Amino acid sequence: MPLDDPGGGDGSSGPEDLPVLQTEARGHQAVQRALPLVWTSSEHGQSGPAHAGVDAASSSACWSDASRACRNTAETLACAGPRRHAPRDAESGRLDLPVVSVLDVDSLCVSYGPVQAVRGVSFSVAEGEIVGLLGANGAGKTSTLEVCEGYRPASSGTVRVLGLEPTDQALRQEVGVVLQDIGVTPFLSVREVLTRNAAYYDQPRPVAEVIDLVGLGEKADVRVQTLSGGQQRRLDLALGILGSPRLLFLDEPTTGFDPGARRGAWQLVRDLRDQGTTIVLTTHYLEEAEALADRVVVIAAGEVVAEGAPAELGGRSDGPTVVRFRVDPGAVLPALPTSDQIVREGDHVRVACADVVETLWRLTGWAREEGGVLDGLSVQRATLEDVYLQLTGAPR
Ligand code: ATP
C-alpha cells in the first residue's frame, strides 16, 4: 500500500494491518515516522526492533544503514507483521509494568565504525520530568536518543524505557517521537495526515484537538507541501503527540519556529508535562532548556559533563554575578576589586564579581564623577549559556 494512500490501498486493509509508519523522503534521507514505533513480528517469537515494523532478520540491514538508523520505507513496509500486546491496566489502558524510571540509560556507547559518538553516557528520567539533552553539534545527543527510541542498537551499555528494551513492541502505544527531520506525505492535508496516523493508536487524541494544540487550525485542510518550514515542524510535533504518549522524545522540536510559535510550543510541552507526559528533548536554544527543562544533561564529545537543574548547573546558583555594559573603546575603567574577572571585547565589558555592590558602587561612581558611560548596564547571575559554554569548552 502506498503510504500516500490514507484509505488503505485497495480498501481491504484496516489500521491493524498497516505498517505503522509515516515515512517519506525529505532530501537524501528517507526518514521514518511521525508515528512513534511500530511493533510487529512477535508471532514467530521474534522481538522485533521497536522502530517501524522491521523484523529481526531485516533489522541488521537497517541498523547498519549509514543514514539515520532504519528509515527505509519500502524495506519497512515489506517487513511489517502482526502486533503483540503487553499487559495493560484495564482502567487506564496504560502498560501495567512496575517502572522505577521512565528512562534509564546506563554506560551507553554508540560507535559508527571508528567514530565513538557516545562514550559511556548514563542518566535517568523520572515520570513527569522534562529533561533536556544539551551539547554542541556532533556531541552525541541524537545518537543517544536514537538508541532510546529503538532506532539504533547500543554498541555497549543498557537502555530501558519504562523498564523495557527500547525495541520492545509493548512500547508502541507509550512512546512518541519527534525527530529532527521527519518526512510527511506532501500531497495530503494536515488533517488527512493526522487522521491517518491516529488510526494507528488505541487511544489517540482527537485530531481537531491536536491541530488546535499546535496552532495549525488555519492550515488544517491545506496540503502539507504548502506549509512553511515552521508549520511543517508544528505538524511533526502534532504527529508526536497524537498518540497521547507517556514518554515523548523531542529532537530540536522548535527549530524554525518564529518567536511566538516557539513560546506556544513551550506552553504545549509544559501542558503535556502537567498532564503526566514525561519528555526528553534536545535543543540548541538554551533559553528553551531554561524555560522547559526540570533537569539538563550536558554532553560533550560523547560524555556527560554535567547534569542538574538549569538554575544550578555547574554551580551556577553559587557562582559570580556578572555585570555587563558597553563603554567607549578607549575608555579607561575605574579600579575594580581585584577578585573581579574582567573581559573586554571591543566596547563590550563583562565583569564577573563576587561582591556586586562594591563593583557597582565603583562603576557608577566613575560614571557620575568622570562622565563614564555604562551603556546597557545589566546585572545577572551567570546565564545558562555562560555555564554551558564553560562546560563544553566553547569560546565565550
Ligand atoms: P547535532 O546537535 O548536530 O544534531 P548531535 O549531538 O545530535 O549533533 P550526533 O548526531 O549524535 O550528534 O553525532 C555524534 C557523532 O557521530 C558525530 O561526530 C557524527 O558525525 C557521528 N555520526 C552520527 N551519525 C553517524 C552515522 N550514521 N555514521 C557515521 N557517523 C555518524
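Biologist: Which helix gives the most to the shell around the ligand?

Modeller: Helix 3, with three residues. This is a predicted model, where local features need pLDDT of at least 70 and side-chain atom pairs count only at pLDDT 80 or more, while totals for chains, interfaces and linings use all residues. Residues are numbered from 1 along each chain as its sequence is written.

Biologist: What makes a residue part of that shell?

Modeller: A residue is near the molecule if its C-beta atom, placed from the backbone, lies within 6 Å of it. Twelve residues surround the ligand, with Tyr-112, Ala-117, Asn-137, Thr-142 and Ser-143 the closest.

Biologist: Why is 141-148 called a helix?

Modeller: Helices are DSSP runs of H or I with at least four residues, and strands are runs of E with at least two, numbered from the N terminus. Helix 3 (141-148) and strand 4 (115-125) each supply at least two residues of the shell.

Biologist: How do you know that strand 3 and strand 6 pair?

Modeller: Pairing takes at least two DSSP bridges between two strands. Five bridges join strand 3 (residues 103-112) to strand 6, so they count as paired, and they run antiparallel. Leu-103, for one, has Val-161 as its bridge partner in strand 6.

Biologist: What is the order of the strands in the open sheet?

Modeller: The three strands go 4-3-6, with antiparallel pairing. Strand 4 and strand 6 (156-161) are at the edges with a single partner strand each, so one side of each has no neighbour in the sheet.
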